[in-house]
Amino acid sequence: MNYYIVIPAHNEEAFITLTLNSLISQTVLPKKVVVVNDNSTDKTAEIVTAFAKENPFITLVNKTSEAIHLPGSKVIQAFHKGFETLDEDYDVIVKLDADLILPNNYFETVLNIFKKDATIGMAGGFAYIEKNGEWILENLTDKDHIRGAFKAYRKACFQQIGNLKPAMGWDTVDELLSKFYGWKVFTDSSLIVKHLKPTGANYNKTARYKQGEAFYTLGYGFLITSIASAKLAMMKKKPLLFLDYIKGFVKAKSAKTPLLVTTEQAKFIRKYRLQKMKEKLF
């Protein structure tokens with residue numbers, strides 16, 4: 001099985017060496033790695049170029065975009081830019097962040113997961129962050145969700161869900177659409193990925209509203225959005241975020257923001273989400 005990796009990177013000089021070192025140390029090497037230098041003003045491009053000289057499967061693509069860091073759209077536009085440079089000769093496509101340290105057996109394990117079960121469309125490990133000198137689980141999501149920082153897709157699944165959506169919520173809608181089309185999403189707790197920059201470290205007030213907007217565009221409806229917002233605000237230990245999320249939802253609804261999914265898919269998503277919530281309660 002061949003796997004290709006696309007890494008969107010914006011001012012990652014502090015971390016990208018560690019990420020690329022962990023990729024060239026994989027027990028099964030990637031066939032291609034494209035790093036998309038998205039408007040960096042630091043030495044990100046120089047570092048990648050140095051790696052590319054030593055490792056011909058690594059290439060650098062430069063992209064110019066707005067400097068403002070909004071979750072979702074910017075990073076996926078950069079992913080698309082990198083993906084466009086690749087051919088079709090892959091079995092698995094990976095979207096990776098530039099601030100990770102992966103265990104050496106990460107992709108060997110992921111490829112084996114795909115080989116063992118043809119109905120698995122997505123696979124990944126778990127994100128850990130450093131706190132007081134210890135690496136602990138970055139507990140922001142359910143155990144059956146693969147973090148946006150390291151997404152691996154089987155080619156057929158990736159094509160069926162229609163690539164990645166350039167909007168916040170892309171890393172939830174991909175899994176929900178995978179399930180809509182009958183694919184399984186598999187997480188392996190033995191794969192510990194060190195996440196060097198905790199999620200949302202650079203997000204501003206606008207980005208907080210974006211989370212509520214994302215819930216709206218996923219077709220959640222008000223009830224599921226309220227429950228999901230309360231849960232996320234508690235997980236982040238910032239209860240007042242709940243109000244930001246709800247405001248974002250209401251603003252998106254008033255503006256008639258287009259959904260990321262069809263009416264049929266939204267109906268499936270609401271039913272699936274409610275089912276998952278009931279399972280946790282009873």
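# Buried charges, paired rings and loop residues in a predicted model

At a relative accessibility of 0%, Lys151 counts as buried, and the model in which this value was computed is a predicted one.

Me: With which residue does the side chain of Lys151 meet in a salt bridge at 2.7 Å, N to O?
Reply: Lys151 belongs to strand β8 (residues 150–154), and its partner, 24 residues apart from it, belongs to helix α6. That partner is itself buried, with a relative accessible area of 5%. The residue whose side chain meets Lys151 at 2.7 Å, N to O, is Glu175.

Me: Which residues are linked in a network of salt bridges that includes Lys151?
Reply: Helix α6 offers two acidic residues among its buried ones, including Asp174 and Glu175. Side chains of opposite charge can pair when their charged atoms come close. The network is made up of Lys151, Asp174 and Glu175.

Me: How many of the eleven residues of helix α6 are buried?
Reply: Helix α6 spans residues 170–180 and is mostly covered. Its buried residues include Trp170, Val173, Leu176 and Leu177, together with polar ones such as Thr172 and Ser178. Of the eleven residues in the helix, the number buried is eight.

Me: What phi does Gly182 take?
Reply: Gly182 comes just after helix α6. Its phi is positive, at about 90°.

Me: Which residue forms a salt bridge with Lys74, with the closest N and O atoms 3.0 Å apart?
Reply: Lys74 is in helix α3 (residues 73–83), whereas its partner is in strand β2 (residues 32–38), so placed that the pair links distant parts of the chain, 36 residues apart. Both members of the pair are buried. The partner of Lys74 is Asp38.

Me: Why does the salt bridge between Lys184 and Asp117 tie together parts that are apart in sequence, and by how many residues?
Reply: The side chains of Lys184 and Asp117 meet at 2.8 Å, N to O. Lys184 is partly exposed, with a relative accessible area of 44%, and Asp117 is also partly exposed, at 21%. Because Lys184 lies in strand β9 (residues 184–195) and Asp117 in the loop between α4 (106–116) and β6 (120–131), the parts tied together are apart in sequence by 67 residues.

Me: Are the ring planes of Tyr216 and Phe249 edge-to-face or stacked?
Reply: A pair of aromatic rings is described by the distance of the centres and the angle of the planes. Here the centres of Tyr216 and Phe249 are 5.5 Å apart and the planes stand at 75°. Planes over 60 degrees apart fall in one class, so the pair of Tyr216 and Phe249 is edge-to-face.

Me: In which helices do Tyr216 and Phe249 lie?
Reply: Both of these residues, Tyr216 and Phe249, are buried. They are 33 residues apart, and their pairing links distant parts of the chain. Tyr216 lies in helix α7 (residues 205–217) and Phe249 in helix α9 (residues 241–254).

Me: Over the ring of which residue does the charged end of Lys155 sit?
Reply: The charged end of Lys155 is 5.0 Å from the centre of the ring in question. That ring belongs to an aromatic cluster which also holds Tyr4, Phe79, Phe83, Tyr153 and Phe158. The residue beneath the charge of Lys155 is Tyr90.

Me: Which polar side chain lies 2.7 Å from the backbone oxygen of Ala45?
Reply: The residue sought is in helix α2 (residues 44–54). An α-helix has 3.6 residues a turn, so residues three or four places apart point the same way. The side chain with a polar atom 2.7 Å from the backbone oxygen of Ala45 is that of Thr49.

Me: Is Asn132 buried or exposed?
Reply: Asn132 is found in the loop between β6 and β7 (134–137), and its phi is positive, about 50°, although it is not a glycine. Its relative accessibility is 81%. Since the cut-off for this class is over 50%, Asn132 counts as exposed.

Conventions:
Residues are numbered from 1 along each chain as its sequence is written. This is a predicted model: local features need pLDDT of at least 70, side-chain atom pairs count only at pLDDT 80 or more; totals for chains, interfaces and linings use all residues. Side-chain values use heavy atoms; hydrogens and water are left out. Rings of Phe, Tyr and Trp (its six-membered ring) pair if their centres lie within 6.5 Å; planes under 30 degrees apart count as stacked, over 60 as edge-to-face and the rest as tilted. Helices (H or I, at least four residues) and strands (E, at least two) are DSSP runs, numbered from the N terminus. Buried means under 20% relative accessible area, exposed over 50%, partly exposed in between (1.4 Å probe, protein chains only). A charge sits over a ring if NZ of Lys or CZ of Arg is within 6 Å of the ring centre and within 35 degrees of the ring normal. A salt bridge is a side-chain nitrogen of Lys or Arg within 4 Å of a carboxyl oxygen of Asp or Glu. A polar contact is a pair of N or O atoms within 3.5 Å; within protein, one must be able to donate a hydrogen and the other to accept it, and residues adjacent in sequence count only if both atoms are side-chain atoms.
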